Amino acid sequence: MSTLIESLNWRYATKKFDPSRKVTAEDLKTLKEAIRLSASSYGLQPYEVLVIEDPEIRKQLKEASWGQTQITDASHLIVFANKTNVTAKDTEAYMNNISKTRNIPVENLSGFSDMINNTVISLPQEAKHTWTAKQTYIALGSLLAAAAELRIDACPMEGFDPEGYNRILGLDKKGLNASVIATIGYRAQEDDTQHYAKVRRPAEELFTTI
């Protein structure tokens with residue numbers, strides 16, 4: 001069995017964290033890099049990621065998360081915030097980044113730029129909001145896999161009030177929206193969920209080869 005599969009079998013959505021244990025700066029850097037390197041449609045990465053450490057802010061966010069203790073007990077809270085509206089300026093910034101990174105004249109990227117503008121930027125506002133929110137879930141998956149390999153516990157969470165998060169973190173003023181969150185840290189010994197057998201559909205039901 002591969003190391004990755006072993007790690008994915010090990011992980012579970014941790015319900016109770018040990019508040020005395022903290023993720024090291026080095027491991028946190030690795031997790032952030034895994035998020036940064038995550039797959040993203042066109043490579044556009046239409047989101048920002050907030051790493052919440054401040055205990056007072058996390059108390060406020062706990063209230064906007066229906067009192068779930070993971071928000072304050074975990075080592076860190078990760079908030080994935082999608083851009084509510086991507087524009088041609090985002091495409092332009094991305095093209096400039098490609099040009100600088102790959103040493104390519106930016107004018108040589110006009111075809112790629114036009115494709116993004118025609119397929120994404122031209123979408124209605126609501127459709128763009130949905131599209132950018134979906135991108136955050138891809139990044140979340142990268143975080144969960146990386147955390148599992150480091151034997152760092154995590155809990156992906158949709159059980160929170162996005163409007164409350166947006167207000168507390170000032171995201172709405174930045175054209176951002178809290179789409180999904182994750183807590184990371186280390187499981188508490190009394191978290192009974194860690195002893196449950198992992199329940200997944202059998203491969204023969206899940207996969208179809210055509």
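This tour moves through aromatic rings first and nonpolar cores afterwards, and the model it visits is a predicted one.

**Stop 1: a tilted pair**

A search of the whole structure finds 4 aromatic pairs, and a good place to begin is with Tyr-42 and Trp-131. Select these two residues and look at their rings, whose centres are 6.5 Å apart and whose planes meet at 45°, so the pair is tilted. If you then colour the chain by its elements, you will find Tyr-42 in the loop between α2 (25-36) and β1 (47-52), while Trp-131 belongs to helix α7 (residues 125-149). The pair therefore links distant parts of the chain, 89 residues apart. Are these two residues buried or partly exposed? Tyr-42, at 29% relative accessibility, counts as partly exposed, whereas Trp-131, at 16%, counts as buried.

**Stop 2: an edge-to-face pair**

Next, select Tyr-94 and Phe-112, where the ring centres lie 6.1 Å apart and the planes stand at 65°; because planes over 60 degrees apart count as edge-to-face, the pair is given that name. Tyr-94 sits in helix α5 (residues 88-102) and Phe-112 in helix α6 (residues 110-121), so this pair ties together parts that are 18 residues apart in sequence. Of the two, Tyr-94 has 17% relative accessibility and counts as buried, while Phe-112, with 26%, counts as partly exposed.

Now show both pairs together, since Tyr-42, Tyr-94, Phe-112 and Trp-131 form one aromatic cluster.

**Stop 3: a charge over a ring**

Select Arg-21 together with Tyr-186, and look for the charged end of Arg-21, which sits over the ring of Tyr-186 at 4.0 Å from the ring's centre.

**Stop 4: the nonpolar cores**

Which residues have the most contacts inside the largest nonpolar core? Select Leu-31, Phe-80, Leu-140, Leu-143, Ile-152 and Ile-184, which are the ones with the most contacts within this core of 20 residues. At least two core residues come from each of α2, β2 (76-83), α7 and β4 (176-185), and α7, the helix that also holds Trp-131, gives the largest share, with 6 residues.

Keep Leu-31 selected and display what surrounds it: leaving aside residues up to four places away in sequence, Leu-31 touches Leu-143, Ala-146, Ala-147, Leu-150, Ile-152 and Ile-184.

To finish, select Ala-64, Ile-71, Ala-74 and Phe-160, which are among the 19 residues of another core, lying apart from the largest one.

Technical notes: Residues are numbered from 1 along each chain as its sequence is written. This is a predicted model: local features need pLDDT of at least 70, side-chain atom pairs count only at pLDDT 80 or more; totals for chains, interfaces and linings use all residues. Side-chain values use heavy atoms; hydrogens and water are left out. Rings of Phe, Tyr and Trp (its six-membered ring) pair if their centres lie within 6.5 Å; planes under 30 degrees apart count as stacked, over 60 as edge-to-face and the rest as tilted. Helices (H or I, at least four residues) and strands (E, at least two) are DSSP runs, numbered from the N terminus. Buried means under 20% relative accessible area, exposed over 50%, partly exposed in between (1.4 Å probe, protein chains only). A charge sits over a ring if NZ of Lys or CZ of Arg is within 6 Å of the ring centre and within 35 degrees of the ring normal. A nonpolar core is a set of buried Ala, Val, Leu, Ile, Met, Phe, Trp, Tyr and Cys residues joined through side-chain atoms within 4.5 Å. Contact means heavy atoms within 4.5 Å.
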